[in-house]
4 protein chains.
Amino acid sequence: MKQKMIDVSIHLFDKKGFTETSIQEIVDELGVTKGTFYYYFTNKQELLTTIHLNFIEFLLKKQEEILQDEAKDSREKLRAMIYMVLQSINERKKSARIFFREMRNLGPKYLEQNVEKRDQFRKNLQQLVEEGIHKGEFQEDLHADMVTRGILGMTNWSYYWYNPEGDVSAEELTDIYVEILLNGINKSD
Amino acid sequence: MKQKMIDVSIHLFDKKGFTETSIQEIVDELGVTKGTFYYYFTNKQELLTTIHLNFIEFLLKKQEEILQDEAKDSREKLRAMIYMVLQSINERKKSARIFFREMRNLGPKYLEQNVEKRDQFRKNLQQLVEEGIHKGEFQEDLHADMVTRGILGMTNWSYYWYNPEGDVSAEELTDIYVEILLNGINKSD
Amino acid sequence: MKQKMIDVSIHLFDKKGFTETSIQEIVDELGVTKGTFYYYFTNKQELLTTIHLNFIEFLLKKQEEILQDEAKDSREKLRAMIYMVLQSINERKKSARIFFREMRNLGPKYLEQNVEKRDQFRKNLQQLVEEGIHKGEFQEDLHADMVTRGILGMTNWSYYWYNPEGDVSAEELTDIYVEILLNGINKSD
Amino acid sequence: MKQKMIDVSIHLFDKKGFTETSIQEIVDELGVTKGTFYYYFTNKQELLTTIHLNFIEFLLKKQEEILQDEAKDSREKLRAMIYMVLQSINERKKSARIFFREMRNLGPKYLEQNVEKRDQFRKNLQQLVEEGIHKGEFQEDLHADMVTRGILGMTNWSYYWYNPEGDVSAEELTDIYVEILLNGINKSD
DNA sequence: AATGAATGAGCGTTCATTCAT
DNA sequence: TATGAATGAACGCTCATTCAT
C-alpha cells in the first residue's frame, strides 16, 4: 500500500504539482481514506522526500557504475553518462519532473540532505571532466565547473520537452549532444 | 499601484512560489487590503500571466533585435543570443525563475498564449541555426531542432544555479558556452 | 461581532471545555462561517487569552479600588476583598470557571502574561495581610503567604460549587467566611 | 500491563490534560500498540473513570479511618482530616490534579457515580462539623454546610499551588490551616 | 480607488475506535 | 495477549473571491 501510494503520488504530483495535489486525491485514487495515508507517512512532505531521494539515489548509483568502469576512457564515460541521464529522465520522467520542480517544498531538513546528493552528482561529473583534461582527452584550458554546468543544462533540460516517442530516440539524442560537446557545430574551414 | 503589485508579487512568487504566496501577503507588503488587489486584477492567475507575458515578450523583443542585425553572421548572432539569454535571465532572475517554474499555474486559457510565445522564441533560434547551416557556417548534417534544444538547455538552465557575483561573469560564461557549442571540448589530435 | 464571539465562546467553553468546543460550534451559534472567526482572531488560543485577560484585569481593577480605600482598616479591606471575589466569581461565573480550569491551553507566551497577573493579585492580597499584621489588627506570628493561600482557596473554590440561587447569598457567605477567618470556629472556653 | 497503562496515563493526563493526551502517546510510552489498549479498556473514558475512582475511593477509605477513631474528639478529627487531605493531594499529586480538573470528560454515566462519592466525602466532613457543634466543641450558630465548603476550599485548592519541597511542610501547613479555622487570624483585644 | 466584512470550499492532520489475525 | 491496517469523523486553519459602501 505504501508503494502504491508513492506511485500514484508520483503520477499526481507530476500532473498537477505537489501543492496542487491534495491527499484526498491520492487516497481517492486507491479507494482508501486519508487516515490510511497517515498510517504510512508522517506528513505530505515525507512522501515528497521519499520520491526525491529515490530518484537521486538511483541516479547516483548509475553514475557510480559508469565511473568505475575501467574499460572506458573519459570520452566514453562522458557519453555513457549523458546517455544515462537522458535515459533516466526519460524512463522515470514523472519522478524527474518532480525532482527538478518541487525542490522548494521539501522543507529545510530534507532539503539539505537532498542538495548534498545533487551536489555530489554534479561534482562526480565535474571530476570526470577534470580527469579527461589531465589525461589529455579534453582541452587544457577548460573551465571544468562551467563546462559541467553546461552539460547538465543540456541533459537535464530534456525533462522539460523531450518526448522519446518523437522522431529522435534517446540514443540519437545522446549522439547529437555528445557530438556537439566534443566537436562543436562549427563548420571547420 | 498595479505595477507595485506586480513587483512585490515577482519578489514573493520567486521566494515562496505562486501557490504558496497568498494575496494577503502581497497586499500586506504594500499596506493595502485585498479588495484593492481585485480592483486591479480579476484573479490571481491574471497576475501570474502578466508576469509571464512581460518576461517572454521582453525576450522576444531582444531576440528580434539580434535577428535583424544585418551586420552579424550566424555565428555572431548565436553568440549574441546566448549572451542575451544569460544576461536576461540574470538581470530579471526572479521573473525568469517564475517563468520556468510556474507554468502549470497559468490555467489553460493563458497557458496557450504563453506556450505560443515560448515556441516562437525557440523557433526563432532554430531558424538561426538552420540559416547557419545553409550559409555553410555550421555543419550540414546537424539536427537543427535538437541542437536548438541543447543550446536552450545550456542557457536556460542557468536560472537554476548561475550567480553573477561568483567567479564567472555573464560575458565569460557566454564565451565558454559559445566555445563549447562551436568547437567542442575535444582535444583535436 | 467580535464581542458576540467572545460571549458565545465564554458560554461554550464553560459548558463543554475549551478543547472540547470547536470553532464550528462557536460560529454556528452566530449563524456565520469559520472564515469570519479567523477574520477577528488569529487563532483559537488568542480568543481564550482574551477571555482570561478580561477576567483577571477586571479582578485586579476591583482589587485596586479596595486597596486604595483609605477609609477602611485591614479587616474591612479583607472583608471587602472576600466579598468582591465571591461576587465576581459569581457574576462572571462562566469566565471564572474558564479562568480556573483552562490555563493549560493558553500557550507559553500568553501563559506567562497571565500568570504574572494572577501572581499580582495574590501578592496584593498578601500585602494586605502583612499590613494588618504590622498594624496590630492580625496576629503577629502569622505565615502571611500561607494564610493568603488559604483565603484564596476558600474564596476561589466557590467557582466549583457556589450557587447564589441557593439558601446562602453572597453577602451571607462573605459573613461566614470572614467570621471563620477572623475568629475561627472554635468554641471559646 | 493494565496497571502500567493507568500509571503512564496518570502521568500524561496530568502533564498534558486528558483530551490533549492521545492513546497513541500512552501506548508508545509502553512500547505496545493501540490494539493492546483496547484489550484492557473499552474506551478512553473508562480509563479516566478508573483513575478518578481510585483516587476518591482512596480518600474515602482514609476518611473512614479517621472518623472511626474513637480516641479523637472533633477538633482532633478535623485536624487529622485536613492533614490527610493535604497529604493525599500531595502524595498523589498527579491523580489529584486529574481528579479536580478532568471531571467534565467522564461522560454522564461515570460522572454520576463519581459525583456521588465526592458528595459522600463532603458530607462526611460536614457531619464531623455538625458533631463538633453538637458536642460543644465548635460554635453553635455555624452554617455547617458553608463551613465545610470553606474547609474543603482551603485544602483542595492546595492541588493548585502547594509544593512540599518549599519552605512549608504538609504538617506545618496543616497547623496553619487548623489554627485559622479554629481560632481565626484576629488579634484578640 | 479602496476598504472591511464575510463566505465557502478545501486542506493537512489527528485520533478514538474497529477488527481480522 | 497483542498486532497492524484501516476507517471516518472532526478539527484548526487558509485563502481566493465577492460585494456593499
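Contact here means heavy atoms within 4.5 Å. The model is predicted: local features need pLDDT of at least 70, side-chain atom pairs count only at pLDDT 80 or more, and totals for chains, interfaces and linings use all residues. Residues are numbered from 1 along each chain as its sequence is written, chains are lettered from A and ligands numbered from 1 in the order in which they are written, and side-chain values use heavy atoms, with hydrogens and water left out.

**View 1. The interface of chain A and chain B.** Chain A brings 50 residues to this contact and chain B brings 49 residues. The area buried between the two chains is about 4,300 Å², with 58% of it from carbon and sulfur atoms; buried area is the accessible area (1.4 Å probe) that two parts lose on being put together, summed over both. Two salt bridges cross the interface of chain A and chain B, a salt bridge being a side-chain nitrogen of Lys or Arg within 4 Å of a carboxyl oxygen of Asp or Glu. A:Arg104 forms a salt bridge with B:Glu102, and their closest N and O atoms are 3.4 Å apart. Between chain A and chain B there are also twelve residue pairs in polar contact, both residues at pLDDT 80 or more. A polar contact is a pair of N or O atoms within 3.5 Å; within protein, one must be able to donate a hydrogen and the other to accept it, and residues adjacent in sequence count only if both atoms are side-chain atoms. On the side of chain A that touches chain B, there are 23 nonpolar, twelve polar and 15 charged residues. In this division, Ala, Val, Leu, Ile, Met, Phe, Trp, Tyr, Cys and Pro count as nonpolar, Asp, Glu, Lys and Arg as charged, and the others, Gly among them, as polar.

**View 2. The interface of chain D and chain C.** Here 49 residues of chain D are in contact with 50 residues of chain C. Together the two chains bury about 4,300 Å², and 58% of this lies on carbon and sulfur atoms. D:Arg104, D:Trp157 and D:Ile185 supply 19% of the area that chain D buries against chain C, more than any other three residues. Two salt bridges are counted between chain D and chain C; in one of them, the side chains of C:Arg104 and D:Glu102 meet at 3.4 Å, N to O. The interface of chain D and chain C also has 13 residue pairs in polar contact, both residues at pLDDT 80 or more. The elements that give two or more residues to the side of chain D that touches chain C include α1 (2–16), α5 (74–91) and α10 (170–183) of chain D. Helices (H or I, at least four residues) are DSSP runs, numbered from the N terminus. α10(D) gives the most to this side of chain D, with eight residues.

**View 3. The axis that relates chain D to chain C.** A turn of 179° and a shift of 0.1 Å along the axis lay chain D on chain C with an RMSD of 0.2 Å. That is the relation of a two-fold axis. In chain D, the C-alpha of D:Gly184 is nearest the axis, 1.9 Å from it. Copies are superposed by least squares on the C-alpha atoms of residues with pLDDT of at least 70 in both. Of the interface residues of chain D, 100% are also interface residues in chain C, so the copies meet through the same surface.

**View 4. The surroundings of DNA strand E.** DNA strand E is surrounded by 29 residues, the closest being B:Thr36, B:Tyr40, C:Thr36, C:Tyr39 and C:Tyr40. A residue is near a strand if one of its heavy atoms lies within 4 Å of it. Sugar and phosphate make up 67% of the atoms of DNA strand E that come within 4 Å of the protein. A polar side-chain atom of B:Thr36 lies 2.4 Å from a phosphate oxygen of DNA strand E, and a backbone N or O atom of A:Ile23 lies 3.0 Å from a phosphate oxygen of this strand. α3(C) gives the most to the surface near DNA strand E, with five residues.

**View 5. The surroundings of DNA strand F.** Among the 29 residues around DNA strand F, those that come nearest are A:Thr36, A:Tyr39, A:Tyr40, D:Thr36 and D:Tyr40. An N or O atom in the side chain of D:Thr36 is 2.4 Å from a phosphate oxygen of DNA strand F. For C:Tyr38, a polar side-chain atom lies 2.7 Å from a phosphate oxygen of the strand. The surface near DNA strand F holds twelve nonpolar, 13 polar and four charged residues.
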